[in-house]
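Work through the exercises below with the sequence and the structure open beside you. Try each task before you read its solution.

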Amino acid sequence: MDNVIRRRTPAARLGRIAVYAVLLLAALFYLLPLVVMLITSFKPLHEISPGTLLSLPQSPTVEPWVKAWGEACTGMRCEGIGGYFFNSIAIVVPAVLISTVIGALNGYALTKWRFKGSELLFALMLFGCFIPFQVVLLPMAQTLGWLGLSSSRAGLILVHVIFGIAFTTLFFRNFYVAVPTELVSAAKLDGAGFFRIFWRILLPVSAPIIVVSVIWQFTQIWNDFLFGVAFSAHNTQPVTVALNNLVNTSTGTRDYNVDMAAAMIAALPTLLVYVLAGKYFVRGLTAGSVKG
Amino acid sequence: MTIVSHAQERPVRPAARRNAAAHLQDWLPRLVLAPSVAITLFFVYGFMLWTFVLSLTSSRMLPSYDFVGFAQYARLMANDRWWVASTNLVIFGGLFVAICLGIGVMLAILLDQRIRQEGALRTLYLYPMALSFIVTGVVWKWLLNPGLGIQAMVRSWGFESFTFNWIVDPDMAIYTLVLAAVWQASGFVMALFLAGLRGIDDSIIKAAQLDGASLPRTYLRVILPCLRPVMFSAVMILSHIAIKSFDLVVALTGGGPGYATDLPATFMYAHAFTRAQIGLGSASAMLMLGGVLAILIPYLYSELRSRKHG
């Protein structure tokens with residue numbers, strides 16, 4: 001059908017080639033850092049010299065990965081970033097689950113049980129998506145101290161839940177708005193209660209938005225640096241903070257291959273999620289801009 | 001959007017004992033929302049107010065509450081480093097938003113030309129968005145390292161005088177932030193616009209082409225104006241990313257050379273957490289909030305207006 005509109009004249013053919021050339025060039029631009037990161041992470045240190053940025057490793061080795069995981073120095077300690085990787089998991093999993101459950105219930109209550117002022121409450125909560133977090137850092141530090149949660153994983157989980165529910169509520173609210181209200185009304189007539197209706201009617205259709213919310217929260221919290229660096233101590237730091245410390249630790253020679261391996265380790269979980277569930281990832285990114 | 005009144009749907013229940021249960025059902029939604037609302041009131045609005053109060057005090061190492069009026073804001077205005085940070089934000093934010101839009105729109109339009117392997121290309125353009133800014137910073141720091149990165153590579157190809165040492169040049173370092181941030185976020189703009197392009201009615205395009213409009217002209221005059229809301233959202237989201245940029249600066253340049261690449265976010269963090277200037281840091285945080293509101297309020301206003309008219 002393409003050919004009906006534009007017969008392949010030489011000019012059109014040239015145009016096509018130009019289009020593909022630009023697209024491929026762009027693909028190279030986006031790929032280059034990942035490729036360099038990967039090949040550098042498999043090079044022994046002596047293969048890293050001026051001009052070898054793109055050359056493949058002569059004798060590939062996983063030693064940089066082993067070192068990044070278990071031996072490299074992050075600040076004062078030299079235990080690699082493996083422990084911090086598990087810190088991140090221990091923070092991310094509960095924070096994602098809790099904020100998603102709260103967001104689902106909020107979105108349900110805001111759409112299927114509207115009451116006077118519920119739209120206003122939504123607007124009130126939505127504002128939390130937009131504030132620069134710098135404006136809550138200092139009071140948060142003090143509040144965590146009062147709660148006895150300073151520098152703890154529990155404290156970081158709390159912070160991520162608090163500032164995540166604005167987003168999860170937005171996702172679920174926009175999704176549930178589009179679910180027909182007739183079913184819910186009928187169930188109410190039959191005397192079904194709040195949680196029963198949620199469990200039997202809303203939850204079974206919620207799979208896509210749960211995936212969107214989980215992926216969004218996972219990516220946001222895994223990639224967080226600001227809260228991690230402000231509210232953690234050396235033994236509770238998330239992997240992003242440890243990676244930054246590792247790269248900026250200036251003792252002895254710089255092991256660039258170890259830096260790159262550490263960066264890959266920190267990047268793998270979110271990259272994996274993106275590869276496995278890209279569609280939902282994009283939907284989460286655009287949820288803020290496309291009204292439901 | 002119509003607001004359904006539940007009062008009319010509820011059946012009249014004669015049994016008095018059901019009243020308590022019905023009452024509970026009435027209040028349950030509010031009870032479910034209550035913790036989130038309370039949390040938002042305290043941790044978002046309360047904390048904003050708290051930070052504002054701190055910005056009016058002489059707090060240094062620890063928060064203290066002896067008020068000095070707007071003296072911290074006056075200090076901020078007289079602070080060179082703050083002006084560098086603010087100017088940097090204007091340069092960084094402006095270029096970042098403009099280039100992301102340019103690249104994003106271009107890639108979206110090109111991808112919309114029935115391209116083979118479109119899905120694969122789209123995936124490649126968008127994956128940086130899944131990475132942490134720290135990872136992005138670490139990788140680009142390596143690529144931009146004059147001794148071992150791109151500069152050294154091009155020189156080894158025989159272009160001995162090729163120079164690409166922005167990261168160590170105080171005048172150019174800010175543009176390395178733009179480069180890395182554009183790399184990370186431009187694919188996202190592409191995704192937004194591609195979704196927008198796919199949503200446009202084909203008949204409009206056909207009509208324009210029947211009228212003899214060339215393809216570029218059709219895009220420029222007919223299609224892109226339809227995408228104004230997408231453009232608006234993209235600008236909103238990108239400027240928001242720009243104002244909050246903190247991790248990228250920390251990982252890529254550390255604010256350096258000197259403080260040549262400081263942004264308000266790193267300025268705030270440095271003063272509030274490492275330089276024992278809590279009052280000054282709070283004042284800078286409030287100005288950041290002001291900046292966000294200056295972008296957000298016109299956006300929300302137009303959103304609400306279009307919703308009313310739409």
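**Exercise 1.** Find which helix of chain B has the lowest confidence and which has the highest.

Solution. Step 1: confidence is read as pLDDT, the predictor's confidence in each residue, from 0 to 100. Helices are DSSP runs of H or I with at least four residues, strands are runs of E with at least two, and both are numbered from the N terminus. Step 2: in chain B, helix α1 (residues 6-9) is lowest with a mean of 44, and helix α4 (residues 80-111) is highest at 94. Step 3: pLDDT stays under 50 over residues 1-13 of chain B. For this stretch the model has 16 contacts (heavy atoms within 4.5 Å) beyond four places in sequence. Where pLDDT is low, the predicted coordinates should not be read in detail.

The model is predicted, and local features need pLDDT of at least 70, side-chain atom pairs count only at pLDDT 80 or more, while totals for chains, interfaces and linings use all residues. Residues are numbered from 1 along each chain as its sequence is written, chains are lettered from A and ligands numbered from 1 in the order in which they are written, and side-chain values use heavy atoms, with hydrogens and water left out.

**Exercise 2.** State the mean pLDDT of each chain.

Solution. Step 1: chain A has a mean of 87, and 93% of its residues reach 70 or more. Step 2: chain B averages 85, with 93% of the residues scoring at least 70. Step 3: among the elements of chain A, the lowest mean, 47, belongs to helix α1 (residues 2-5), and the highest, 94, to helix α4 (residues 82-112).

**Exercise 3.** Describe how domain 1 of chain A meets domain 2 of chain A.

Solution. Step 1: the bounds, from an automatic or database domain assignment, are 2-62 for domain 1 and 82-287 for domain 2. Step 2: nine residues from domain 1 of chain A and nine residues from domain 2 of chain A take part in the contact. Step 3: the two domains bury about 700 Å² between them, 81% of it on carbon and sulfur atoms. Buried area is the accessible area (1.4 Å probe) that two parts lose on being put together, summed over both. Step 4: of the area that domain 1 of chain A buries against domain 2 of chain A, 60% comes from Met37(A), Ser41(A) and Leu45(A), more than from any other three residues. Step 5: the centres of these domains, taken over C-alpha atoms, are 34 Å apart.

**Exercise 4.** Which cysteines does a disulfide join?

Solution. Step 1: apply the rule that a disulfide is a pair of cysteine sulfur atoms within 2.5 Å. Step 2: Cys73(A) and Cys78(A) satisfy this rule, with S to S at 1.9 Å. Over all chains the count is one disulfide. Step 3: the torsion about the S-S bond of Cys73(A) and Cys78(A) is about 95°, so the disulfide is right-handed.

**Exercise 5.** Is Cys100(B) buried or exposed?

Solution. Step 1: buried means under 20% relative accessible area, exposed over 50%, and partly exposed in between (1.4 Å probe, protein chains only). Step 2: Cys100(B) has 0%, so Cys100(B) is buried. Step 3: Cys226(B), at 37%, is partly exposed.

**Exercise 6.** How many residues of helix α13 of chain B are buried?

Solution. Step 1: nine of the eleven residues in α13(B) (residues 264-274) are buried. Step 2: among them are Phe267(B), Met268(B) and Tyr269(B). Step 3: Ala276(B), which follows α13(B), has a positive phi near 55°.
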